[in-house]
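Okay, thanks everyone for coming. I'll take a few minutes to walk you through the model, so have a look at it first and then we'll go through the inside and the strands.

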Amino acid sequence: MKGKLAIGAGAALAIVALGGAPATASTQEATVSVLHLIPETTVDAYIDGTEVIGGFEPGELSDPMTLVAGSYDVELYAEGEGPGDAEPVARASGVEVTAGVNLTIAGHLSESGEPTLTAFPIDTDPVPAGQGRLTLRHLAAVPGADIRADGAVIVQGLRNSQEASLVVPAGTVSADLVRADTQGVGVLVPPTDLEVAEGVNTIVTAWGSEDQETLQLAVQVVEAHSAPRGVPSGIGGAATPGALGLLLAIGGAVWLAAIGARATRGAEAHR
Amino acid sequence: MAASLAAAAVITGIGLLAQQPTLQAPPSVAQPRSGPIASQAPEASRTSAVPTDVGRRDSAPSAAAAVDPPVDVRVPSVGLALGVVPVGVRADGQMDVPDLVTELGWYRYGPAPGAAAGSAVLAAHVDSELGSAPMAAVLRAAVGDAVEVTTGAGVELRYRIVAIEQVSKRALPLDSLFARDGEHLLRLVTCAGAWDPTARAYEDNIVVTAVPDAA
């Protein structure tokens, strides 16, 4: 018989503490955020004729909204204007919002500098523990660009309204945006430290206009975490009932912790 | 950071567990893809409400929020007192429990003790090839016992044990154990149960769950 290790006297077993999965959201709903990346224009954002965000400044990201799945008209008007008395700065009619999707609707400049709206579904598939997803988007009024991380090209020839993503170990990366095919000479956005946090999709968007000298980065973070696959916390087999019982009898004070001198550790970087 | 962990592992003579906490050169160049352009279909008739006055925030890149890590954990009722080091995950996807049995590993990707929500997970080996380890003392703890945590900033946190569970590793509810939302809990994890000499592992985990104790 392989005995079970006894839990100390007085310990109670309570399964509830570890049980239970949280209820999931309605399957008919979707999550929608609006990202305003049209430089130098404060807008009011409308969905189906209703103002959802007023005085929306360039570079701002809305809180996630819950919308019933369906087709929506999204319009950005200059601040103070609205449907019926003006033409929108940008309009997207019939944006399909599918149940369960997490969508970002971004107002931005086209490659030629025209205000436009583009919808991007966000990849929320869990990444392995210890890693993060880095999504790179090009919504700036510049031609094709390469994105470099710590000097190495990680995305090549990204064009306006395109995105690319990769899963990488969590950490900090210095990213810059350079004009495609210039071997890094035509720097559009200078190196910027970005945190690729563990268990999230870090969405980095290059936006603005080269002509207006408003090129910059926007960051949006969406959960995509998963738990480690286990907790391996025994090494030797010494904690079998006989051996452990004896050791416990001796008393917890006599620890065989002396294996190996305690190593000197450098300060751990933490987040 | 990796270097210091590696050094610690070498000194113990136990298997070196590679750790890659920093962003390495990515495996390959990602391929661009287009975002879906909004279709020009006419508006469908639909009457559901859209929210108003939605909040917003600046999306400019910002520095990561500082976390106050745990440095010391004590269960006075059973004489357990261990230093804490931040750990991540091993190459096989499991939590990287410190090789030194005198240390507790805090899962640094999850919440820290004192967080507003979610579970702070700390794990240590119950034994080594040389015998029982300090963490084995937690097996004698009881519901109601206090757990004390000191953070790097010197904050003293106090928890009270509400559950001690022995769970088969195959049935360990990892998503719940490592929850990042919901009630803030402290989880002390070690191994127990039958030793499987082939797998060189115990069949069960012991999970001690504690809640913040105002007293």
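**Cores and strands**

So, let's start in the middle of things. This is a predicted model, and its largest nonpolar core has 34 residues, where Leu104(B), Val147(B) and Leu188(B) are the ones with the most contacts inside the core.

Which elements give two or more residues to this core? They're strands of chain B: S3 (70–75), S4 (80–87), S5 (103–107), S6 (119–123), S9 (146–151), S10 (156–168), S11 (185–196) and S12 (201–212). The largest share comes from S11(B), with five residues.

Let me zoom in on Leu104(B) for a second. If you leave out residues up to four places away in sequence, Leu104(B) touches Val73(B), Leu82(B), Gly83(B), Val84(B), Val85(B), Pro98(B), Leu122(B), Ala123(B), Ala124(B), Met135(B) and Leu188(B). There's also another core lying apart from that one, with 27 residues, including Ile47(A), Met65(A), Leu76(A) and Ile105(A).

Now back to S11(B). How many of its 12 residues are buried? The count is 11, so to speak of S11(B) as mostly covered is fair.

Who are its neighbours, then? With S6(B), S11(B) runs parallel, and five bridges join the two. If you want a spot to click on, Ser119(B) stands opposite Leu185(B) in S11(B). With S12(B), the pairing is antiparallel and goes over nine bridges. There, Trp195(B) has Tyr202(B) in S12(B) as its bridge partner. S11(B) and S12(B) also form a hairpin, with four residues between the two strands. Look for Arg200(B) in that turn, which has a positive phi of about 50°.

One general point while we're on strands: in a regular strand, side chains alternate between the two faces of the sheet.

Okay, over to chain A. Here we have an open sheet of four strands, in the order S12-S11-S14-S15, with antiparallel pairing. Which strands are at the edges? Those are S12 (152–158) and S15 (187–196) of chain A, and each of them pairs on one side only. From one strand to the next, the twist averages 20°.

Inside that sheet, S11(A), residues 145–149, and S14(A), residues 171–179, run antiparallel and are joined by five bridges. Ala145(A) is a handy marker here, standing opposite Arg179(A) in S14(A).

That's my tour, so let's have a look at it together.

Definitions and conventions: Residues are numbered from 1 along each chain as its sequence is written. Chains are lettered from A and ligands numbered from 1 in the order in which they are written. This is a predicted model: local features need pLDDT of at least 70, side-chain atom pairs count only at pLDDT 80 or more; totals for chains, interfaces and linings use all residues. Side-chain values use heavy atoms; hydrogens and water are left out. A nonpolar core is a set of buried Ala, Val, Leu, Ile, Met, Phe, Trp, Tyr and Cys residues joined through side-chain atoms within 4.5 Å. Buried means under 20% relative accessible area, exposed over 50%, partly exposed in between (1.4 Å probe, protein chains only). Contact means heavy atoms within 4.5 Å. Two strands pair if DSSP finds at least two bridges between them. Axes are lines fitted to C-alpha atoms, for helices over the stretch in contact, and angles run from 0 to 180 degrees between N-to-C directions.
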